[in-house]
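Subject: Structure for you to look over

Dear colleague,

I am passing on the structure we spoke of, and below it you will find my notes on what turned up in it. Please read them with the structure open beside you.

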Amino acid sequence: EFAYEIIGEVQKEDGSKAQDYIACATEKSLLDRYLNIFNQAGITLAGINVMPFSISNVLKSNLAPSGKTGSVIVCSVDTEHTCLCFYQDGALNFVRQIPLGSSSFLNAMVGVLVSDKGKVELNYDDAKKIIEEIGIPKDTDNVLEGRVTASQLIALVRPVVEQFAGEITRSMDYYQREFNANKVDALLLAGEGADIKGFIKI
């Protein structure tokens, strides 16, 4: 299935004008599966939309009196992936998916840590507890009843943090360069990763 949205009017080098579009597509079998779930529940859908376009509708419905919101980036962090959506005055301009998500932090924490106090093994449940209760720890925090120090955990998750920061920075640089966006007015966090304490500081 295929859908599109008109971003706006652009002027070509020869002076002529044209419409600028952004499009998306999905496998029909995937769409049919979701439709079947709602049909079995007795729910009639008025329509189906994808996340980047849905956010665009929200931004447009909350425009300032001037009709402009400026340049906005929405960073939606899910379990396995992060979707970066770039908007100008509510219109979707660019989307990029990053192969990093909230599970990246969990996976980085799982394993054996060695210190002067011996070996400490963190399993998935330990890592999940840290993420839910503490998030990305600070230097002064002690977690899991003193078994593991924050500095040890920071060392484990630092590669993931650096990957996230690098991917977001590169995406922003590309967007500003290719779409002549002089500045970014707002960066909004969404998805399950938005609840991770300390993530915003990345």
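What share of the contacts in the chain with a separation of 6 or more comes from residues 24 or more positions apart? Such residues account for 49% of those contacts. Please keep in mind throughout that this is a predicted model, and that every value below was computed from it.

Overall picture

The secondary structure of the chain comes to five helices and ten strands. The chain has 202 residues, of which 33% count as buried, and its accessible surface amounts to about 12,600 Å², with 50% of that surface belonging to carbon and sulfur atoms.

Helix 3 and its two neighbours

I spent much of my time on helix 3, which spans residues 102–109 and is mostly covered, seven of its eight residues being buried. The buried residues of this helix are S102, S103, S104, F105, L106, A108 and M109. Just after helix 3, G111 takes a positive phi of about 150°.

One partner of helix 3 is helix 4, made up of residues 124–133, and the axes of the two come within 9 Å and cross at roughly 125°. Angles of 65 to 115 degrees count as roughly perpendicular and those over 145 as roughly antiparallel, and helix 3 and helix 4 are therefore oblique to each other. Helix 3 passes helix 4 in a right-handed crossing, and the contact is made by F105, L106 and M109 on the side of helix 3, with Y124, A127, K128, I130 and I131 on the side of helix 4. By class, the residues of this contact divide into seven nonpolar, no polar and one charged.

The other partner I looked at is helix 5, which covers residues 150–178. Helix 3 and helix 5 pack at an angle of about 150°, with their axes 8 Å apart, and that angle makes helix 3 roughly antiparallel to helix 5. The crossing of helix 3 with helix 5 is right-handed. Here S104, F105, A108 and M109 in helix 3 meet L153, L156, V157, V160, V161 and F164 in helix 5, and the residues of this contact divide into nine nonpolar, one polar and no charged. F105 and M109 of helix 3 thus appear in the contact with helix 4 and again in the contact with helix 5.

Two buried positions

G135 is found in the loop between helix 4 and strand 8, the latter being residues 142–143. Is G135 buried or exposed? At 0% relative accessibility, G135 counts as buried. Leaving aside residues up to four places away in sequence, G135 touches M109, I130, I196 and K197; M109 and I130 are also among the residues that join helix 3 to helix 4. G135 and F105 are 30 residues apart in sequence, and their C-alpha atoms are 9.2 Å apart in space.

S71 has its place in strand 3, residues 71–77, and is buried as well, with a relative accessible area of 2%. Which residues does S71 touch, not counting those up to four places away in sequence? They are Y87, Q88, Y175, A181, K183, V184, D185 and A186. The C-alpha atoms of S71 and L187 are separated by 8.9 Å, although these residues lie 116 residues apart along the chain.

Backbone points to check

Most residues other than glycine have a negative phi, and two residues deserve a look on that account. Phi of D89 is near 55°, a positive value in a residue other than glycine. D89 lies in the loop between strand 4 (82–88) and strand 5 (91–98), where D89 is partly exposed, with a relative accessible area of 22%.

N180 likewise has a positive phi of about 55° although it is not a glycine. The place of N180 is in the loop between helix 5 and strand 10, the strand being residues 186–190, and N180 is exposed, with a relative accessible area of 65%.

With best regards

Technical notes. Residues numbered from 1 in each chain as written. Predicted model: local features only at pLDDT ≥ 70, side-chain atom pairs only at ≥ 80, totals over all residues. Heavy atoms only, no water. Axes fitted to C-alpha atoms, helices over the stretch in contact; angles between N-to-C directions. Helix = DSSP H or I, 4+ residues; strand = E, 2+ residues; numbered from the N terminus. Parallel < 35°, antiparallel > 145°, perpendicular 65-115°, else oblique. Left-handed = near helix turned anticlockwise from the far one by under 90°. Contact = heavy atoms within 4.5 Å. Nonpolar A, V, L, I, M, F, W, Y, C, P; charged D, E, K, R; others polar. Buried < 20%, exposed > 50% of the residue type's maximum accessible area, 1.4 Å probe, protein only. Areas by Shrake-Rupley, 256 points an atom, 1.4 Å probe, with all protein chains shown as cover.
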